[in-house]
Amino acid sequence: MQKGNSANLISVDYEIFGRVQGVFFRKYTQAEGKKLGLVGWVQNTGAGTVQGQIQGPRSKVIEMQEWLKSTGSPKSHITKAEFKNENRVDSLEHSSFKIVK
């Protein structure tokens with residue numbers, strides 16, 4: 001990533017509600033994040049949701065947010081997507097997009 005782009009780097013936390021566990025949601029989220037050149041993580045919660053963090057250029061993070069809200073994995077059914085703690089970051093805090101067990 002070029003240094004000149006650091007002003008456009010953002011970090012966002014997310015939580016996705018609906019039928020998002022047991023439908024390969026984390027695997028598809030990781031693949032989509034990597035495809036968009038983003039870093040972060042994704043994990044299942046005990047409450048039946050999926051949560052995580054995405055970091056990267058603002059335009060790509062927005063694309064990922066749209067994907068998380070409306071697409072997901074083929075067998076998922078998303079009822080709600082919450083995004084919070086959006087912050088500008090000077091550098092990426094993750095080296096890749098990981099699935100956290």
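This is a guided tour of a single protein chain, going from the whole model to its sheet, its helices and two selected residues.

**The whole chain**

Begin with everything displayed, and keep in mind throughout that this is a predicted model. The protein chain has two helices and five strands, and if you colour it from the N terminus on, the elements run β-α-β-β-α-β-β. Oriented along the principal axes, the C-alpha atoms fill a box of roughly 40 × 20 × 20 Å. A compact globule with 101 residues would have a radius of gyration near 13 Å, and the protein chain agrees with this, having 13 Å. If you then colour by accessibility, 41% of the 101 residues count as buried. A contact map would add that, among contacts between residues at least 6 apart in sequence, 78% join residues at least 24 apart.

**The sheet**

Next select the strands, which form an open sheet of five in the order β4-β1-β3-β2-β5, with mixed pairing. Because β4 and β5 stand at the edges with a single partner strand each, one side of each is left without a neighbour in the sheet. Looking across the strands, you can follow a twist that averages 20 degrees from one strand to the next. Now restrict the selection to β1 and β4, which pair in the antiparallel sense over nine bridges; for one of the residues to label here, take Ile 16, whose bridge partner in β4 is Ala 81.

With the sheet still shown, add the helices. Helix α1 packs on the sheet and touches β1, β2 (39-44), β3, β4 and β5, while its direction makes about 175 degrees with that of β5. Helix α2 also packs on the sheet, where it touches β1, β3, β4 and β5, and its direction makes about 155 degrees with that of β3.

**Helix α2**

Select residues 58-70 to isolate helix α2, whose 13 residues reach 18 Å from the first C-alpha to the last, close to the 18 Å expected at 1.5 Å a residue. Which residues of α2 are buried? Show the side chains of Val 61, Met 64, Gln 65, Trp 67 and Leu 68, which are the buried ones. Viewed down the axis, these residues lie on the same side of α2, because they cover an arc of only 160 degrees around it. What covers them includes β1 (9-19), α1 (25-35), β3 (50-57), β4 (77-88) and β5 (97-99). Past the end of the helix, stop at Gly 72, which follows α2 and has a positive phi, near 65 degrees.

**Two residues to compare**

Move to Thr 29, which is found in helix α1. Thr 29 has a relative accessible area of 0%, and since buried means under 20%, this residue counts as buried. To see its surroundings, display Tyr 14, Val 42, Met 64, Trp 67, Leu 68 and Phe 97, the residues that Thr 29 touches when those up to four places away in sequence are not counted. Three of the names in that list, Met 64, Trp 67 and Leu 68, will be familiar from the buried residues of α2.

Finally, select Gly 22 in the loop between β1 and α1. Is Gly 22 buried or exposed? Its relative accessible area is 78%, so Gly 22 is exposed. As a last distance to draw, join Gly 22 to Lys 35, C-alpha to C-alpha: the two are 13 residues apart in sequence and 22 Å apart in space.

Note on methods. Residues numbered from 1 in each chain as written. Predicted model: local features only at pLDDT ≥ 70, side-chain atom pairs only at ≥ 80, totals over all residues. Heavy atoms only, no water. Helix = DSSP H or I, 4+ residues; strand = E, 2+ residues; numbered from the N terminus. Expected span 1.5 Å × (residues − 1). Buried < 20%, exposed > 50% of the residue type's maximum accessible area, 1.4 Å probe, protein only. Arc of directions from axis to C-beta. Contact = heavy atoms within 4.5 Å. Pairing = 2+ DSSP bridges. Axes fitted to C-alpha atoms, helices over the stretch in contact; angles between N-to-C directions. Rg over C-alpha atoms; globule rule 2.2 N^0.38 Å.
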